[in-house]
Amino acid sequence: MANMSRTEILGKVYKMIPPMLEKFHKVIGGSEDYTGAPYFSAMASAKLGADMSHVICEPGAGVVIKTYSPNLMVHPYMRQQKNLAQGETIDSISEAVVAMLDRLNVVVIGPGLGRDPAMQETCARVIEEAKKKGVAFVLDADGLYLAQTRPELVQGYKHCILTPNVVEFGRLAKAQGIDVESEDPTKICEKLANAFGGVTIIQKGKVDYISNGKHTLISSGEGGLKRSGGQGDTLTGSLATLLAYRKAYMDRIWDHENDMSPDELLALCAFGGSAITRECSRLAFKEKGRSLQASDLTEHVHTAFVDIIGEKPTEESKL
């Protein structure tokens, strides 16, 4: 697949996308703290086609996020160490969050999470249980701190995607004993993915390098000239829905050729998410220019999907 053109790769992403079926039901989850980042991620997921987007957060953040949109399912289950009430423990908090995994196809961990020890430990336990259940997850922002400090949580897991920016990538590489400055910049993503046992990594930058250690793709679609904070949350939400589509493909909830492997599908999710986010950025910048904010990308998610990948006909349109 590394030798395929961008158009050919996106054509494969299209094959993975399910048609609109009444029986298709997607649930997306995230363990997050602050209000903007989890909202942008959850809304991108919903705009790309998730039937339900759940935000799992602290009570204070939950009240605010509910005012942003009535379309999101908000669960105020998370706690910072200082906000644990009498009788609450990390064990009890973790149990409440982990109990949701049976309802979730994909989990996004990191946007707005912070470094609070209780929040980090809860997310670590969610990751451990997600792996046992085979649930796919995306790590971004402070979720990547877990991969940096506790790499065994993600080591070798083939149903997750890490999405570091330049600074986060450098921290992950240093933790794995890789000197970013001395490595070939076109090969370093592959090397880091190998260090994590074949985990898929999207190295965000002027172009996005995507690698699982064996195969590397380059996503170089045009984006906007302004990179406001929070644009990466559109990527995590897009990845979540694409990973849910991947699960639907593997579960064969609709008739298809079934000629793509789980590893190939994971790479397609990563490339598709990157391509959609870049197109969102391009469209939003074209409209807003230097005033562009992260929230402007949200309104372009579906248009970017149609432009880059294409919508599938409904069953009714085939009649």
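How many bridges join β2 to strand β3, and do the two run parallel or antiparallel? In this predicted model, the count is 3 bridges, and the two strands run parallel. Strand β2 spans residues 52-56, while β3 covers residues 73-75. One of the pairings can be followed at the residue level: His-54 has Met-73 in β3 as its bridge partner. On the way from β2 to β3 the chain passes through helix α3 (residues 59-68), and the resulting β-α-β crossover is right-handed. As for the surroundings of β2, 4 of its 5 residues are buried, so the strand is largely enclosed by the rest of the structure.

Attention then turns to the open spaces of the model. The largest pocket holds about 480 Å³ of space. Its lining is built from 24 residues, and those nearest the centre are Lys-204, Gly-205, Arg-227, Gln-231 and Gly-232. Three helices, α7 (166-175), α9 (231-251) and α10 (262-288), each supply at least two residues of this lining. Of the contributors, α9 gives the most, with 4 residues. In chemical terms, the lining of the largest pocket comprises 11 polar, 9 charged and 4 nonpolar residues.

The second largest pocket has a volume of about 260 Å³. Here 14 residues form the lining, with Val-166, Val-180, Pro-185, Ile-188 and Gln-203 closest to the centre. Helix α7 provides the largest share of this lining, namely 3 residues. The lining of the second largest pocket divides into 7 nonpolar, 4 polar and 3 charged residues.

It is helpful to set these pockets beside the database record. An unreviewed UniProt entry carries the annotation "binding site" for Gly-112, for Asn-165, Val-166, Val-167, Glu-168, Phe-169, Gly-170 and Arg-171, and for Asp-233. From this set, Asn-165, Val-166, Glu-168 and Asp-233 belong to the lining of the largest pocket. Val-166 also appears among the residues closest to the centre of the second largest pocket.

Asn-165 deserves a closer look. This annotated residue sits in the loop between β6 (160-162) and α7. Is Asn-165 buried, partly exposed or exposed? Its relative accessibility is 32%, and because partly exposed residues fall between the 20% and 50% limits, Asn-165 counts as partly exposed. Asn-165 thus combines a place in the UniProt "binding site" annotation with a place in the lining of the largest pocket.

Conventions
Residues numbered from 1 in each chain as written. Predicted model: local features only at pLDDT ≥ 70, side-chain atom pairs only at ≥ 80, totals over all residues. Heavy atoms only, no water. 1 Å grid on protein atoms, 1.4 Å probe; cavity = no way out; pocket = protein on both sides within 12 Å on 5 of 7 lines; lining within 4 Å. Points joined across faces, edges and corners; volume = space filled by probe spheres on them. Nonpolar A, V, L, I, M, F, W, Y, C, P; charged D, E, K, R; others polar. Buried < 20%, exposed > 50% of the residue type's maximum accessible area, 1.4 Å probe, protein only. Pairing = 2+ DSSP bridges. Right-handed = clockwise from strand over helix to strand, strands pointing away. UniProt positions renumbered as here; feature names shortened; annotations may be inferred.
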